[in-house]
Amino acid sequence: MVAIVPMKPIKAAKSRLASDLDTSSRQLLALNLLRHVVRCASLASLDSLWVIGGGFTVRQVVEGLGACWLEDDTADLNSCLAQAFASAFQRKLTPLYLPGDLPLVDWQEIQELVGALRPNTDLVISPDERGEGTNALVLPVGSPLRPSLGPGSFHRHLQNASALGLYPTIYQSHGLGFDLDT
């Protein structure tokens, strides 16, 4: 299993908080949130952790925590995840998407999420607290489901899974459900 944490360029981080925080504060917040997610994921029983993108500062933070940083050469978040999932599949690794802005997540929740993927489980999905977005997604190796993040992604993932004949396991927890967007 590999946790995949995509990151925006740090200069663009937490832009929805611009009315409340200056640029420097938003960047520090994003880096601290990332540190927390990486530390929690590192404590869960995973084979690997990839943080993708975010630039030089993110790379320094990630490598300082002992995780793997990869450059993002894609056009958008879904392309980034699709490429990362394909790379994981090639290595026979089960991909776990985690956002880098989960301030309340703990390693036990990540461990339970991972444990929800059992033999013959088609996917595990964790919604945000509003039940709109996707805050975690685990796909077995070779799954045909493609990441489709953005507004309404939780229901879109469920619809896409149904269209493919896949049956999701929904995992809900407070820590995975609360992302810091606004």
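Colleague: What separates arginine 59 and glutamate 63 in helix H2?
Modeller: About one helical turn, because they are four residues apart in helix H2 (residues 56-64). Helices (H or I, at least four residues) and strands (E, at least two) are DSSP runs, numbered from the N terminus. The model is predicted: local features need pLDDT of at least 70, side-chain atom pairs count only at pLDDT 80 or more, and totals for chains, interfaces and linings use all residues. Residues are numbered from 1 along each chain as its sequence is written, and side-chain values use heavy atoms, without hydrogens and water.

Colleague: Why is the pair arginine 59 and glutamate 63 called a salt bridge?
Modeller: Their closest N and O atoms are 3.1 Å apart. The rule asks for a side-chain nitrogen of Lys or Arg within 4 Å of a carboxyl oxygen of Asp or Glu, so the pair qualifies.

Colleague: What makes Asp128, Arg130 and Glu132 one network?
Modeller: Arginine 130 bridges aspartate 128 at 3.0 Å. Arginine 130 also meets glutamate 132 at 3.9 Å, N to O. Salt bridges that share partners join Asp128, Arg130 and Glu132.

Colleague: Why is aspartate 128 called buried, and arginine 130 partly exposed?
Modeller: Buried means under 20% relative accessible area, exposed over 50%, partly exposed in between (1.4 Å probe, protein chains only). Aspartate 128 has 5%, so it is buried. Arginine 130 has 45%, so it is partly exposed.

Colleague: How do you know that cysteine 40 is in no disulfide?
Modeller: A disulfide needs two cysteine sulfur atoms within 2.5 Å. The nearest cysteine sulfur to that of cysteine 40, in cysteine 68, is 19 Å away. For cysteine 80, the nearest is again that of cysteine 68, at 12 Å. The count is zero disulfides.
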